[in-house]
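Trainee: Please walk me through one part of this model up close. Take your time, and spell out the cut-offs as you go.

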Amino acid sequence: MRSILVLNPKGGSGKTTIATHIAAWYALAGKQVALVDYDVQRCALDWLESRPTDRPVIHGVDGTQTRTRVPRNTEVVVMDAPAATHGKQLSELLRRAQTCIIPVVPSPVDLHAASRFIDELVEVGRVLSRRVRVATIANRVRENSPGRLEIEDFLRSMKLSDGRRLPFVAALRNTQNYVHAAERGLSVFEIAPSRAAHDVELWEPLLGWLESRRSLPT
Ligand SMILES: Nc1ncnc2c1ncn2[C@@H]1O[C@H](COP(=O)(O)OP(=O)(O)OP(=O)(O)O)[C@@H](O)[C@H]1O
Ligand SMILES: [Mg+2]
């Protein structure tokens with residue numbers, strides 16, 4: 001079973017947005033998808049509740065319960081981590097994932113927090129031994145702004161403690177398309193291409209990485 005965790009202890013970095021989009025993308029590709037919401041705020045489950053019944057089905061799982069079970073036929077499990085995940089809870093979630101995506105928004109506070117978090121993450125044994133593969137993405141980037149280059153340079157410079165670089169695999173733009181899609185339980189893959197074709201394009205490197213062996217444990 002493919003398992004993908006979206007993680008960043010900083011609130012509002014786009015974890016739920018990215019997790020719901022990955023779930024929707026695999027569901028659109030015909031996979032049996034489970035979306036596990038580890039946040040007591042249940043934003044991913046709320047998104048699922050507003051999802052139209054004619055859209056490809058995603059099975060919602062409340063990860064805050066003591067026993068978290070996905071349906072037996074699940075092919076892809078996408079996990080939405082809550083803010084402030086550190087220590088034991090961080091290790092627990094990493095233990096369940098083959099792949100971990102860290103969305104970072106381009107603000108000085110967020111870059112600083114991301115830097116500290118990545119320092120914590122690269123000490124985790126499973127990350128160092130490549131039993132979980134980690135990549136970063138930039139989220140809410142304003143195209144043609146100086147902040148864009150800054151965050152891209154910053155994320156490209158992130159390294160594991162053994163010197164290997166963390167892959168930086170996408171820069172998603174800041175657009176109301178995400179907000180409007182989320183209100184309707186949809187993803188940018190499911191709204192009018194006249195509005196969202198460029199956003200879908202910006203997802204391609206991330207989806208390509210998820211489909212490649214580079215995002216799988218060695
Ligand atoms: N690329 C984007 N462009 C515009 N708005 C976005 C984008 N990504 C996320 N948002 C909006 O930013 C807000 C925070 O995003 P989201 O809920 O995905 O973050 P989060 O990391 O899950 O937050 P939390 O830490 O509270 O769980 C939401 O209102 C979401 O719709
Ligand atoms: Mg969230």
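Mentor: Two residues are in contact when their C-beta atoms, placed from the backbone, lie within 7 Å. By that rule D62 touches D37 and L45, leaving aside residues up to four places away in sequence. This is a predicted model, where local features need pLDDT of at least 70, side-chain atom pairs need 80 or more, and totals for chains, interfaces and linings use all residues. Residues count from 1 along each chain as its sequence is written, with chains lettered from A and ligands numbered from 1 in the order written.

So where does D62 sit? It lies in strand β3, residues 58–62 (strands are DSSP E runs of at least two residues, helices H or I runs of at least four, numbered from the N terminus). D62 counts as partly exposed because it has 14 C-beta neighbours inside 10 Å; 20 or more would make a residue buried, 12 or fewer exposed, with C-beta atoms placed from the backbone. The C-alpha atoms of D62 and E150 are 37 Å apart, with the two positions 88 residues apart along the chain.

For contrast, try helix α4, residues 108–121. Its 14 residues should span 20 Å at 1.5 Å a residue (taken times one less than the residue count), and the end C-alpha atoms are indeed 20 Å apart. D110, A114, F117, I118 and L121 are its buried residues. They sit on the same side of α4 because they cover an arc of only 100° around the axis, going by directions from the helix axis to the C-beta atoms. That buried set packs against β5 (99–104), α5 (125–128) and β6 (133–141). The face turned away carries the exposed P108, V109, H112, R116 and D119.
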